[in-house]
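Q: Please take a close look at the sheets in this model. I would like the strand order, the pairing and the helices that go with them, set out in plain terms.

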Amino acid sequence: MRIAPTENAGSVPEPYEREHLANVAPSGWENPTPSSPYDLLIIGAGPAGLVAARAAKALGANVALIERHLLGGNCLNYGCVPSKAIIRTSRLYADMRTAANLGAETPADLRVDFSAAMARMRRIRTRISRVDSAARLVAQGIDLHFGSARFVAADAVDVGGVRLRFRKALIATGSRPMLPTLPGLAEAGFLTNESVFDLTAQPRSLLVIGGGPLGCELAQAFARFGTRTVIAHREPLFLPKEERDAAQMVSDALARDGVEIHLNSTAVGVRVEGGRKLVELVNDGNTATVAVDEILTGIGRIPAVLGLNLEAAGVTYDADAGVHADDLLRTSNSRIYAAGDVCLEHPFTNTADASARIAVRNALLPGRARMSALTIPWCTYTDPEIAHVGIYVRQARERNIAVKTFTVPMHDVDRAIADGEEDGFVKIHIRDGTDTILGATIVSRDAGEMINSISLAMVAGIGLRTLAGVIHAYPTQGEAIRQAADAYTRTRPSLLVGWLQRTWMKRFNR
Ligand SMILES: Cc1cc2nc3c(=O)[nH]c(=O)nc-3n(C[C@H](O)[C@H](O)[C@H](O)COP(=O)(O)OP(=O)(O)OC[C@H]3O[C@@H](n4cnc5c(N)ncnc54)[C@H](O)[C@@H]3O)c2cc1C
């Protein structure tokens with residue numbers, strides 16, 4: 001069967017963009033003749049589907065991978081990769097503007113080249129797409145089918161009129177942007193994460209609706225490019241999942257970057273006047289009107305279950321939580337598993353990857369790997385970054401777990417001072433009376449890198465007592481973690497130190 005090029009094909013002329021599409025949605029693709037039945041049939045070739053396909057193939061399984069749009073899914077095409085690429089360039093502009101803080105000069109003719117930043121992003125996306133390319137998957141022995149999969153029985157799907165049967169299947173269809181029901185929005189036109197990275201010209205002004213990770217990251221990036229940026233968020237503070245002091249730091253950072261912040265504010269209507277989009281925001285009964293050139297919505301994600309015809313396979317689901325899967329990632333059909341954004345509470349690439357490995361293991365091997373056994377860190381890539389792993393204090397309270405917290409502000413860390421990156425802290429929560437790490441939040445320019453050593457310690461069962469003895473390279477921002485561990489050891493003098501202290505004090509007092 002021949003598949004037409006995707007909607008995006010040809011919209012951006014650069015040669016590397018053509019290579020990107022050739023990698024992730026090759027035109028004129030001919031689907032293979034299905035082998036019957038497949039050991040594992042995977043629907044969706046985002047991070048979860050790709051990881052699952054390779055893991056199952058490595059076990060010698062006969063694997064079908066079905067993708068309806070772009071290989072690599074959200075993460076590669078309009079999520080993690082493009083967002084991090086433009087955040088990097090926007091950070092450079094922010095650093096250039098504040099060069100005086102580092103004893104340097106801001107170039108007198110500093111000019112933002114937005115289209116160059118976007119072209120760089122597309123080059124990077126193309127480079128990374130080679131790893132997920134159709135040609136590579138086929139070379140790895142995976143049967144790659146382009147088209148929309150739809151269940152037609154408990155053990156079969158239909159793709160473009162062809163029936164594919166399976167012994168086991170994995171639903172890895174991810175998520176799609178949730179859209180606000182806002183009168184006038186559709187008529188005015190708006191961006192989501194699926195279109196914002198196609199921009200080649202810089203919007204002069206932008207309203208971001210939603211103050212979660214996507215909204216905060218992109219609002220800061222656009223503000224740093226020099227776009228007049230407004231952000232509106234329903235709640236009293238951004239990043240509702242994160243600890244309040246951490247979220248407040250992000251709010252302060254956005255304000256410093258010139259983002260106009262509307263908290264506790266709900267967008268209630270949009271109209272177009274004189275070519276501009278006028279958005280009405282209501283805060284505590286008061287209405288403010290914001291006039292912008294573009295609107296970006298980032299109010300959340302919803303699991304992609306539409307069109308799968310899950311009823312035909314006996315797989316239960318709901319529109320908000322997606323496919324119902326248990327701790328072993330089994331659905332209500334014992335042949336069918338689920339992984340990634342379509343079924344999980346935490347919509348992250350690392351979680352999609354880890355869940356895919358668990359699903360493949362449980363589907364194809366004896367054993368019972370569990371999602372609840374995983375330790376999963378995440379990070380919001382604002383500047384400073386907010387990274388978290390494990391339990392939050394509010395969750396500990398809900399579960400009646402007594403915790404003790406050790407906090408080190410980054411302004412007490414030599415390298416942070418030297419780098420002029422003093423905003424933030426390392427906060428580690430332990431089970432009271434032990435040195436067992438239950439969770440941590442890090443706010444720092446490189447929090448995403450730093451959180452990995454806490455995750456390592458948690459997975460390896462290394463407590464704060466041992467971390468205090470780990471020699472860190474000096475000066476590094478990661479030393480904040482050792483300083484937090486030192487703070488713990490100061491509260492727990494060893495028996496020897498206690499004896500020495502008592503003996504010394506006796507002699508001293510004699
Ligand atoms: C702007 C943005 C930035 C992000 N940044 C980060 C980050 O920095 N770090 C991080 O960890 N996470 C980040 N994420 C989240 C991350 O992108 C997702 O968690 C991850 O992509 C989920 O992987 P997945 O495989 O479950 O689903 P997806 O990536 O959504 O892939 C699902 C695939 O299934 C296909 N599909 C759907 N239905 C069908 C069907 N019926 N038939 C065939 N194919 C189908 C889709 O076309 C898609 O390709 C970001 C997300 C966004 C939106």
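A: What follows goes through two sheets in turn, from strand order to edges, bridges and packed helices. The model is a predicted one.

Start with the antiparallel sheet. Its five strands make an open sheet, and reading across gives the order E19-E20-E23-E22-E21. Pairing in this sheet is antiparallel. In general, strands of a sheet pair through backbone hydrogen bonds, in either a parallel or an antiparallel manner. The edges are taken by E19, residues 378–380, and E21, residues 403–409. Each of these two has a single partner strand, so one side of each is left without a neighbour in the sheet. With direction ignored, neighbouring strands here are turned against each other by 10° on average.

At the E19 edge, the pairing can be followed to individual residues. E19 is joined to E20, residues 385–390, by three bridges, and the two strands run antiparallel. One residue pair to look up is tryptophan 378 with its bridge partner in E20, histidine 388.

Helix H9, residues 244–256, packs on this sheet. H9 touches E20, E22 (425–431) and E23 (437–444), and the direction of H9 makes about 165° with that of E22. A further helix, H15, covers residues 479–491 and lies across E21, E22 and E23. Relative to E21, H15 runs at about 130°. E22 and E23 are thus named in the contacts of H9 and also in those of H15.

Now the parallel sheet. Four strands form this open sheet, in the order E10-E9-E8-E14, and their pairing is parallel. Its edge strands are E10, at 260–262, and E14, at 294–297; each of them pairs on one side only. From one strand to the next, the twist averages 20°.

Inside that order, E8 and E9 stand next to each other. E8 spans residues 205–209 and E9 spans residues 228–232; five bridges join them, and they run parallel. Isoleucine 209 has alanine 232 of E9 as its bridge partner.

Helix H8, residues 213–225, lies across E8, E9 and E14. H8 runs at about 160° to E9. One of the strands that H8 lies across, E14, is an edge strand of the sheet.

To recap the two sheets: the five-stranded one is open with antiparallel pairing, and the four-stranded one is open with parallel pairing.

Conventions
Residues are numbered from 1 along each chain as its sequence is written. This is a predicted model: local features need pLDDT of at least 70, side-chain atom pairs count only at pLDDT 80 or more; totals for chains, interfaces and linings use all residues. Side-chain values use heavy atoms; hydrogens and water are left out. Two strands pair if DSSP finds at least two bridges between them. Axes are lines fitted to C-alpha atoms, for helices over the stretch in contact, and angles run from 0 to 180 degrees between N-to-C directions. Contact means heavy atoms within 4.5 Å.
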